[in-house]
Amino acid sequence: MQKVLLVRFGEVHLKGLNRPYFLRMLTENVKRAVKDLGGRVWLSDSRIYVADVEDMDECARRVSRVFGVYSVSPALEIEKEFEPIADACVEMMRGYSGTFKVLARRSDKRFPVTSQEMNEEIGGRILDANANLKVDVHKPQHKLHVEIRDQAAYICAEEIHAVGGMPMGTGGKAALLLSGGIDSPVAGYELMKRGVRTCAIHFQSPPYTGELARDKVLSLAKILGEYGGGMKVYLVPFTKVQLEIHEKCPEGLGTLITRRFMMRIAEKIARGFGAQALITGESLGQVASQTMDALGCTDAVVSMPVFRPLIGLDKIEIIEKAEKIGTYETSILPYEDCCTVFTPRHPVTKPKLSTMPDAESKLDVEALVNEAVENTEVVVV
């Protein structure tokens, strides 16, 4: 008998002939998550298992943050004999009170006791041993799972819901434009959940933005990296670009032109590490640069897809997601980001794409983009 973590996966089951590839990726991601805990990880019979871990709580926490995992359960692995299984079930439920249900599953049909027989017999023994429990087969407070697998039997009474989604690395690569705000970390999370391996690009404008703002962004990247096996952050020096825009371009278009430069620079960096798309945290109509006209002007300067997973959400919905994934408290720290430094008093909300070349005519666009890219700092968190 040994303690193991039982790892379940959901959407991967739908992948048909490609399923082995997705399962290999998911298993490797679980291995990576528990590597420093000394865990032994293997895939067998539609489950991933983790054993030989002293801190099972920390192991469960980490694995529950691996995209592609539907739920995890600390479990006991037992020899496939009914009496030891029944005895272990009784012991596992001694500390519980309220209502319960036994859910037996016999994937090894050679096991001589059927699933229904196990439900009835084990349930009866638990009731005899624990007067604080009673059976409720419809809405039980506790569910005792008994799984008879090819290699052993497994029992567990706790199921921890995980992040779900698809295994990291199966959805391609993308670059996230990561500000210090609430929205962009959530946008990155949503694409990471679909298996997209993500790097972050942050624009900083010293001396207008300081070390605290930089540290805040790196902290956000670290939180996201806990879900994706780490994250690389590209820190782009953006002061010169913003000063040039401020001095030489129409004030009302300043924010929009700034966004266009961010997209140009981000695309060049993204192509450098093989990314196929950009990710932003924009929500339609939230600010002047996020109107439909403005977004059209922004996208016109890049040739790769731009994913905006928050485009139809309101701020309350985004905040709720940020709280859920753990980025909200960091995002609201009161440090300026480069987007707020040169905000015009009266930004244009319905710009025309045809006017943008003239608005940027006094700028050496290519030189400014190249200089920013060449002086970009890379930090791994």
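So, a nonpolar core here is a set of buried Ala, Val, Leu, Ile, Met, Phe, Trp, Tyr and Cys residues joined through side-chain atoms within 4.5 Å. Keep that in mind, and keep in mind too that what we're looking at is a predicted model.

With that in hand, let's go to the core. The largest one in this structure has 36 residues. The residues with the most contacts inside it are Ile201, Phe203, Ile257, Phe261, Ile265, Phe273 and Leu278. Quite a few elements give two or more residues to this core, among them strands S10 (173-177), S11 (197-204) and S12 (232-237), and helices H7 (239-248) and H8 (254-272). Which element gives the most? That's H8, with nine residues. As general background, nonpolar side chains in soluble globular proteins tend to be buried together.

Okay, let me step back to the whole chain. We have 381 residues, and buried ones make up 52% of them. The chain has 14 helices and 15 strands. If you draw a box around the C-alpha atoms along the principal axes, you get roughly 85 × 35 × 35 Å.

Now for the charges. Side chains of opposite charge can pair when their charged atoms come close. How many salt bridges does the structure hold? The count is 28, and I'll walk you through a few.

Start with Arg8 and Glu159, where the closest N and O atoms are 3.9 Å apart. Arg8 sits in strand S1 (residues 2-9), while Glu159 sits in the loop between strand S8 (153-156) and strand S9 (160-161), so this pair ties together parts that are 151 residues apart in sequence. Are the two partners buried or exposed? Arg8 is buried, with a relative accessible area of 8%, because anything under 20% counts as buried. Glu159 is partly exposed, at 33%.

The next pair is Arg194 with Glu11, whose side chains meet at 2.9 Å, N to O. Here Arg194 is in the loop between helix H5 (183-192) and S11, and Glu11 is in the loop between S1 and helix H1 (19-34), so the salt bridge ties together parts 183 residues apart in sequence. Arg194 is partly exposed, with a relative accessible area of 39%, and Glu11 is partly exposed too, at 30%.

Then there's a pair within one helix: Glu121 and Arg125, with their closest N and O atoms 2.9 Å apart. What separates them? About one helical turn, because they are four residues apart in helix H4 (residues 115-129). Glu121 is partly exposed at 36% relative accessibility, and Arg125 is partly exposed with a relative accessible area of 24%. And it isn't just pairs: salt bridges that share partners join Asp36, Glu58, Arg61 and Arg62 into one network.

On to the surface. Asp314, Glu317, Glu320, Glu323 and Glu329 form a negative patch. Where does the largest share of that patch come from? Helix H10 (residues 315-325), with three residues. Asp314 itself lies in the loop between strand S14 (306-307) and H10, and at 41% relative accessibility it counts as partly exposed.

There's a nonpolar patch on the surface as well, formed by Leu127, Val135 and Val137, with about 220 Å² of accessible area together. Take Val135 as one of the three: you'll find Val135 in strand S6 (residues 133-135), and it is partly exposed, with a relative accessible area of 44%.

Last topic, the backbone. Most residues other than glycine have a negative phi, and most peptide bonds are trans. So what about the bond from Pro206 to Pro207, cis or trans? That peptide bond is cis, with omega near 5°. Pro207 is in the loop between S11 and helix H6 (211-228).

And which residues have a positive phi without being glycine? Asp45 has a phi of about 55°, and Ser46 has one near 65°. Asp45 lies in the loop between strand S2 (40-44) and strand S3 (47-51), and Ser46 is also found in the loop between S2 and S3. Asp45 is partly exposed, with a relative accessible area of 25%, and Ser46 counts as partly exposed at 36%.

If you take one picture home, make it that 36-residue core, with H8 giving the most to it. Thanks, everyone.

How values were computed. Residues are numbered from 1 along each chain as its sequence is written. This is a predicted model: local features need pLDDT of at least 70, side-chain atom pairs count only at pLDDT 80 or more; totals for chains, interfaces and linings use all residues. Side-chain values use heavy atoms; hydrogens and water are left out. Patches are made of residues with over 30% relative accessible area and no salt bridge: like charges are joined within 9 Å, nonpolar side chains (Val, Leu, Ile, Met, Phe, Trp, Tyr) within 5 Å. Accessible areas come from the Shrake-Rupley method with a 1.4 Å probe; for residues, only the protein chains shown count as cover. A salt bridge is a side-chain nitrogen of Lys or Arg within 4 Å of a carboxyl oxygen of Asp or Glu. Lys and Arg count as positive and Asp and Glu as negative; His and the chain ends are not counted. The place of a charge is taken as NZ of Lys, CZ of Arg, CG of Asp or CD of Glu. Buried means under 20% relative accessible area, exposed over 50%, partly exposed in between (1.4 Å probe, protein chains only).
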